[in-house]
Amino acid sequence: MTGTTAMTTLTITEIRSLDDPRVLAGLKGLLEDGVNGGASVGFHPPLDAQSNTAYWAGVAEQVKGGATVLLAASTDDGEFMGTVQLALCPKQNGPHRAEVQKLLVHSAYRRRGLGHRLLTTAEEHARALGRTLLVLDTLEGREAVPLYQAAGWTEVGRIPGYTVEVDGGRHATVVFYKQL
């Protein structure tokens with residue numbers, strides 16, 4: 001990932017298939033950068049290639065089956081900058097809700113508003129799909145907490161001991177919701 005000093009042009013698109021090896025490689029690179037940089041997205045660093053491949057194979061099936069909306073931000077030359085997922089609730093009592101998952105911004109593009117743009121785009125997609133309630137959670141004390149607060153999300157509370165992190169300790173997660 002080369003990175004640039006300014007994000008002059010970027011495109012956020014829905015990825016409907018992970019069959020293109022370039023797309024898959026870009027997504028794997030984002031996950032590896034995020035996990036190895038300390039992002040709390042379900043993996044411990046260093047992220048191994050097998051776990052990375054298996055994860056995206058599962059996402060590919062969810063996307064193919066319509067259970068997940070996968071959005072990715074890229075530069076004009078196709079370099080992946082960030083991604084976010086919208087897991088659509090399949091339950092009969094939940095056609096109005098979805099969960100925002102795996103918001104990742106490559107370390108070369110952080111602190112430039114891309115996380116907020118990805119989140120806003122996920123909200124727009126949710127609205128277009130008739131989803132009016134979104135939920136998410138993130139590790140307590142991480143930089144994502146103020147991002148969600150600034151984007152108008154409401155903190156519901158904290159669940160202590162929710163994750164076991166690389167240090168072996170159990171850490172709290174912060175749960176948020178947003179009504180659209």
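Two strands are taken to pair if DSSP finds at least two bridges between them. By that criterion, in this predicted model, strand E6 and strand E7 (residues 170–179) are paired in the antiparallel sense, with seven bridges joining them. Within this part of the sheet, Thr-163 is placed opposite His-171 of E7.

The E6–E7 pair belongs to an open sheet of seven strands, which follow one another in the order E1-E2-E3-E4-E5-E7-E6 and whose pairing is mixed. The edges of the sheet are occupied by strand E1 (11–15) and strand E6 (154–164), and because each of these has a single partner strand, one side of each is left without a neighbour in the sheet. From one strand to the next, the twist averages 25°.

Two helices lie across a shared set of strands. Helix H1 (residues 21–36) lies across E1, strand E2 (68–74), strand E3 (80–88) and strand E4 (97–105), and its direction makes an angle of about 90° with that of E3. Helix H2 (residues 49–64) likewise lies across E1, E2, E3 and E4, in this case running at about 115° to E2.

Individual residues illustrate how exposure varies over the model. Thr-138 is located in strand E5 (residues 133–139) and has a relative accessible area of 8%, so this residue is classed as buried, the limit for that class being under 20%. Leaving aside residues up to four places away in sequence, Thr-138 touches Ala-144, Val-145 and Tyr-148, together with Ala-172, Thr-173, Val-174 and Phe-176. Of these contacts, Ala-172, Thr-173, Val-174 and Phe-176 fall within the residue range of strand E7 (residues 170–179).

A buried position is also found outside the strands, since Tyr-109, in the loop between E4 and helix H3 (114–128), has a relative accessible area of 0%. The C-alpha atom of Tyr-109 is separated by 13 Å from that of Gly-37, a residue 72 positions away along the chain.

On the surface, by contrast, Val-135, Val-156 and Tyr-177 make up a nonpolar patch of about 240 Å². Val-156, one of the residues of this patch, lies in strand E6, and with a relative accessible area of 58% Val-156 is therefore classed as exposed, for which the threshold is over 50%. The strand that carries Val-156 is thus also one of the two that stand at the edges of the sheet with a single partner strand.

Key
Residues are numbered from 1 along each chain as its sequence is written. This is a predicted model: local features need pLDDT of at least 70, side-chain atom pairs count only at pLDDT 80 or more; totals for chains, interfaces and linings use all residues. Side-chain values use heavy atoms; hydrogens and water are left out. Helices (H or I, at least four residues) and strands (E, at least two) are DSSP runs, numbered from the N terminus. Buried means under 20% relative accessible area, exposed over 50%, partly exposed in between (1.4 Å probe, protein chains only). Contact means heavy atoms within 4.5 Å. Axes are lines fitted to C-alpha atoms, for helices over the stretch in contact, and angles run from 0 to 180 degrees between N-to-C directions. Patches are made of residues with over 30% relative accessible area and no salt bridge: like charges are joined within 9 Å, nonpolar side chains (Val, Leu, Ile, Met, Phe, Trp, Tyr) within 5 Å. Accessible areas come from the Shrake-Rupley method with a 1.4 Å probe; for residues, only the protein chains shown count as cover. A salt bridge is a side-chain nitrogen of Lys or Arg within 4 Å of a carboxyl oxygen of Asp or Glu.
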